[in-house]
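Here's a quick tour for anyone opening this one up for the first time. Take a look at the sequence and the structure, then read on.

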Amino acid sequence: MATENKNLSHYDKATIPNAKNFRFGIVVSEWNDTITERLFQGAHETLLEHGVDQKNIIRWNVPGSFELIYGCKKMQEQSVDAVVAIGSVIQGETKHFDFVCEAVSQGIKDLNVLQDTPVIFCVLTDDTSQQAIDRSGGKHGNKGTEAAIAAIKMASLRKDS
Ligand SMILES: Nc1c(NC[C@H](O)[C@H](O)[C@H](O)CO)[nH]c(=O)[nH]c1=O
Ligand SMILES: CC(=O)[C@@H](O)COP(=O)(O)O
């Protein structure tokens, strides 16, 4: 199902585990920061809404989405229950978009395989700025909200497994 048929901010609150005792790391790319700040706000507000204490949310910034890989690897070492990687990659004139998107998705996948702390892929990969706006608090909701819910669910799965 494409995002246009599923609002990223819609979910059944009754199905979300209590996140009161969890600790989260959020690594935010500074590239396209008007978008990544909207994603961060969505994630941050959602974590607080589900009982996470403000002091249990660690935020680090990195220059671009490619640096999310290293930033999230170091965040995994901070005794957190899950990490959220936030980025916005928007197609430019060259193939650089393809290389960045592939590297980041593979790198974050590797972190989930190699370490025992889940890393949530909250990286928008859009053809246009409007698509990014639509998915960071616009008509299709906020992927940051979706990512925070995924982080709570995966932290709960990790605790119970
Ligand atoms: N074009 C975008 C980038 N490019 C920068 C890379 O992510 C990286 O920081 C640089 O190549 C140095 O290693 N990053 C984004 O997050 N979004 C873009 O649209
Ligand atoms: C995703 C990118 O790195 C891209 O936005 C950079 O733009 P360009 O391909 O025009 O150099």
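Two residues are in contact when their C-beta atoms, placed from the backbone, lie within 7 Å. With that in hand, Ile26 touches Phe40, Ala43, Ile57, Arg59, Val84 and Ile86, if you skip residues up to four places away in sequence. Keep in mind that this is a predicted model.

**How confident is the prediction?**

- The protein chain has a mean pLDDT of 96, and 99% of its residues reach 70 or more.
- As for the overall scores, ipTM is 0.97 and pTM is 0.97.

**Ile26 and the nonpolar core**

- Ile26 sits in strand S1, and it counts as buried because it has 29 C-beta neighbours inside 10 Å, where 20 or more are needed.
- Ile26 and Met75 are 49 residues apart along the chain, yet their C-alpha atoms are separated by just 8.1 Å.
- The largest nonpolar core has 39 residues, and the ones touching the most other members are Val27, Ala43, Cys72, Val83, Val84, Ala85 and Ile86.
- Elements that each supply at least two residues of this core are strands S1 (24-29), S3 and S4 (119-126), along with helices H1 (33-49), H2 (68-76), H3 and H5 (143-160).
- Take Ala85: leaving out neighbours within four places in sequence, Ala85 is in contact with Val27, Leu68, Cys72, Ile108, Val119, Ile120, Phe121, Cys122 and Val123.

**Around ligand 1**

- Ligand 1 is surrounded by 14 residues, and the closest are Trp31, Gly64, Ser65, Phe66 and Val89.
- Strand S3 gives the most to this shell, with four residues.
- Sorted by class, the shell around ligand 1 has six nonpolar, seven polar and one charged residues.

**Around ligand 2**

- The residues around ligand 2 are Val89, Ile90, Gly92, Glu93, Thr94, His96, Phe97 and Val100.
- Strand S3 (82-90) and helix H3 (96-114) are the elements that give two or more residues to that shell.
- H3 provides the largest share of the shell around ligand 2, three residues.
- By class, the shell around ligand 2 splits into four nonpolar, three polar and one charged.

**What the UniProt record flags**

- An unreviewed UniProt entry lists Trp31, Ser65, Phe66, Glu67, Ser88, Val89, Ile90 and Phe121 under "binding site".
- Ser65, one of those listed, is found in the loop between strand S2 (57-62) and H2.
- Is Ser65 buried or exposed? It's buried, because 27 other C-beta atoms lie within 10 Å of its own.
- Not counting residues up to four places away in sequence, Ser65 touches Ser29, Trp31, Gly87, Val89, Val100, Val104 and Val123.
- Ser88, another listed position, lies in strand S3 and counts as buried, because it has 29 C-beta neighbours inside 10 Å.
- With residues up to four places away in sequence set aside, Ser88 touches Ser29, Trp31, Asn32, Ile35, Thr36, Leu124 and Ala132.
- For "active site", the unreviewed UniProt entry lists His96, which lies in helix H3 and is among the residues around ligand 2.
- Why does His96 count as exposed? It has 12 other C-beta atoms within 10 Å, and 12 or fewer makes a residue exposed.

Note on methods: Residues numbered from 1 in each chain as written. Chains lettered and ligands numbered in written order. Predicted model: local features only at pLDDT ≥ 70, side-chain atom pairs only at ≥ 80, totals over all residues. Near = placed C-beta within 6 Å. Nonpolar A, V, L, I, M, F, W, Y, C, P; charged D, E, K, R; others polar. Core = buried A, V, L, I, M, F, W, Y, C linked by C-beta atoms within 7 Å. UniProt positions renumbered as here; feature names shortened; annotations may be inferred. pLDDT = per-residue confidence, 0-100.
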